[in-house]
Structure formats: C-alpha cells, structure tokens
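Open the model in your viewer and keep the sequence panel beside it. This tour goes stop by stop: what to select, then what is there.

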Amino acid sequence: MIYVLIVLLLAALAVAGYLLWKSRQQPTAQKEPDDFIGDQHKHASDQLRQVRNGDVIEYLGHNWFVRGRIDFDEHGYRWTEHMLDDAEGKKWLSIEDDESFEVSLWHAIPLGDIEQGTVGDRDVIVGGVAYRLQEKGTAAFTATGATGTAPSGTADYADYKSVDGKLLGFEKWGSNWEPSLGEVLQPFELTVYPSTDRPATLDDE
C-alpha cells in the first residue's frame, strides 16, 4: 500500500513538473492587430505633430515639400495648416489635435465650382455632392514660410461635410472667400522626412 502511494506521489510530482516546464515554454503573446494599428497611428501622429517648413511628406508614393505653416487659435482651440507643393501645384495639410488627432488634405477650387448655396448656408452643392455646414467662426493666426498670407491676423472660416465624409471648407483672409475640397486621411498613410538641417528624430526644436 505504501509503495502504491509513493508511486502515485511521484507521478503527481512528475505531472506538476511537466506542466510548470510547459508553461515556461509558451511564446510571448503576440500583439493583436488592433494594438499594431494603434502603435502605427501613435508613431505617425507624433511625426506629424513635429512637421516643420522644409520637410518632405510622402503620400501614396508622391513627395510634397512643406513650404509654409499657419497656426490657428480660436479661443484656445488650435489647429495647424501646412502648405505643401511640388512641380504640379500645391495642397494644404490640416492637423487638428484637440479631443482626437485628425489629418486632412485639401486642394483649392474656383468659386465658380459652387453649384448651389453660398458661405454660411446650411447646404452647399459642389460637383453634384451636397455638403452640410458643420461649424464656422473666426480664428487668430500666425504664419511662417510661403503661405501667401500676412504673418499674423484673423481669418474667417466655414467647414462643411457630405454624408459620405467628403470635406468642403471656406477661408477668408481679406475680402474674398477661398473654397477648398478635402479628404480625411489616416496618419499612418503619411511619411515625414525631416529636412537635413534638423534632427531626424523629429524632436521639438
């Protein structure tokens, strides 16, 4: 009887030892896809927060040079617009970093492209697409580089959005409204290449 108990005890110890060894052999848990995407988003957002004039931004395999920057402030709510250009023209990259991090890319259109409505109306139609007014106001700004604006001042704006997420914006720097169409981007769709006269780490100057 004692012999049987000893055998059972040794068997139990062997099983426990095997299970302990097995647990230590488990590979390190891999990140879930959502974690990986979150890391990408954070890294790209950190890069975009540090964009400076002279940098290059790549989007869909195309390189854009950062020529100018405008910082807006409307009663403490802040956002930034970067003027990008290449040999074919220019665009504006808008970055909002308030309750969430939002990036959008804009190109100017003629006022004559507005088919129906005017600035401040509830709905405006461009290219057969209806845009609904989201917000409007006036913001103080400061500008550096080749923005085509004064170094500082105030600008009026009105932002619109279609039901499928397309963007329409108006800005007035003087007496005339300037309309633009925009699209929302994911931060990780953009790659920032710092200019050679500042650190590659994109740390704050």
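**Stop 1: the two pockets**

Begin with the empty space. This is a predicted model, and its largest pocket has a volume of about 790 Å³. Select E81, S94, W106, D159 and G169: of the 34 residues in the lining, these lie nearest the pocket's centre. Now colour the elements that each give two or more residues to this lining: β2 (62–74), β3 (77–86), β4 (89–97), β5 (101–108), β8 (129–145), β9 (152–161), β10 (167–172) and β11 (177–185). Colour the lining by class and you get 16 nonpolar, eight polar and 10 charged residues.

Move on to the second largest pocket. About 230 Å³ of space lies there. Select R49, R69, T80, I95 and D97, which lie nearest its centre among 13 lining residues. The elements giving two or more residues here are α2 (33–49), β2, β3 and β4. Which element gives the largest share of this lining? Strand β3 does, with five residues. By class, the second lining holds five nonpolar, two polar and six charged residues.

**Stop 2: the whole chain**

Zoom out and switch to cartoon. The chain has two helices and 12 strands. Along the sequence, the two helices come first and the strands follow, in the pattern α-α-β-β-β-β-β-β-β-β-β-β-β-β. Of the 205 residues, 32% count as buried. Take the contacts with a separation of 6 or more: residues 24 or more positions apart account for 48% of them.

Next, colour by confidence. The mean pLDDT is 84, and 76% of the residues reach 70 or more. Select residues 200–205: the pLDDT is below 50 over this stretch, which has 11 contacts in the model beyond near neighbours in sequence.

**Stop 3: β8 and its partners**

Select β8 and show its pairings. Start with β2: six bridges join β2 to β8, and the two run antiparallel. To find the register, pick D71, which stands opposite T142 in β8.

Then add β7, residues 123–126. Four bridges join β7 to β8, again antiparallel. V124 stands opposite Y131 here. Follow the backbone through the turn: β7 and β8 form a hairpin with two residues between them. Pick G127 in that turn and check its phi, which is positive at about 60 degrees.

Finish with β9. 10 bridges join β8 to β9, and this pair is antiparallel too. A139 has A155 as its bridge partner in β9. These strands also form a hairpin, with six residues between them. In its turn, G148 has a positive phi of about 80 degrees.

**Stop 4: two acidic residues on this hairpin**

Show E135 as sticks. E135 sits in strand β8. Is E135 buried or exposed, or partly exposed? E135 counts as partly exposed, because its relative accessible area is 37%. Leaving aside neighbours within four places in sequence, E135 is in contact with Y157, A158 and D159. Of these, D159 was selected at Stop 1 as one of the residues nearest the centre of the largest pocket. Draw a C-alpha distance from E135 to Y160: the two are 25 residues apart along the chain and separated by 7.3 Å.

Go across to D156, in strand β9. D156 is also partly exposed, because its relative accessibility is 23%; the cut-off for buried is under 20%. Not counting residues up to four places away in sequence, D156 touches G137, T138, F170, E171, K172 and W177. Draw a second C-alpha distance, from D156 to A140: it reads 9.0 Å, for residues 16 apart in sequence.

**Stop 5: β1 and β12**

Last, select β1 (residues 56–59) together with β12 (residues 190–193). Four bridges join β1 to β12, and the strands run antiparallel. In β12, T191 is the bridge partner of E58.

Which residues of β12 are on its covered face, and which on the uncovered one? L190 and V192 are on the covered face, whereas T191 and Y193 are on the uncovered one. In a regular strand, side chains alternate between the two faces of the sheet. Turn the view edge-on to β12 and compare the L190 and V192 side with the T191 and Y193 side.

Conventions. Residues are numbered from 1 along each chain as its sequence is written. Side-chain values use heavy atoms; hydrogens and water are left out. On a 1 Å grid over the protein atoms alone, a cavity is a set of points where a 1.4 Å probe fits but cannot get out, and a pocket is an open set with protein on both sides within 12 Å along at least five of seven lines; lining residues have an atom within 4 Å of a point. Grid points are joined across faces, edges and corners, and a volume is the space filled by probe spheres set on the points. Ala, Val, Leu, Ile, Met, Phe, Trp, Tyr, Cys and Pro count as nonpolar, Asp, Glu, Lys and Arg as charged, and the others, Gly among them, as polar. pLDDT is the predictor's confidence in each residue, from 0 to 100. Contact means heavy atoms within 4.5 Å. Buried means under 20% relative accessible area, exposed over 50%, partly exposed in between (1.4 Å probe, protein chains only). Two strands pair if DSSP finds at least two bridges between them.
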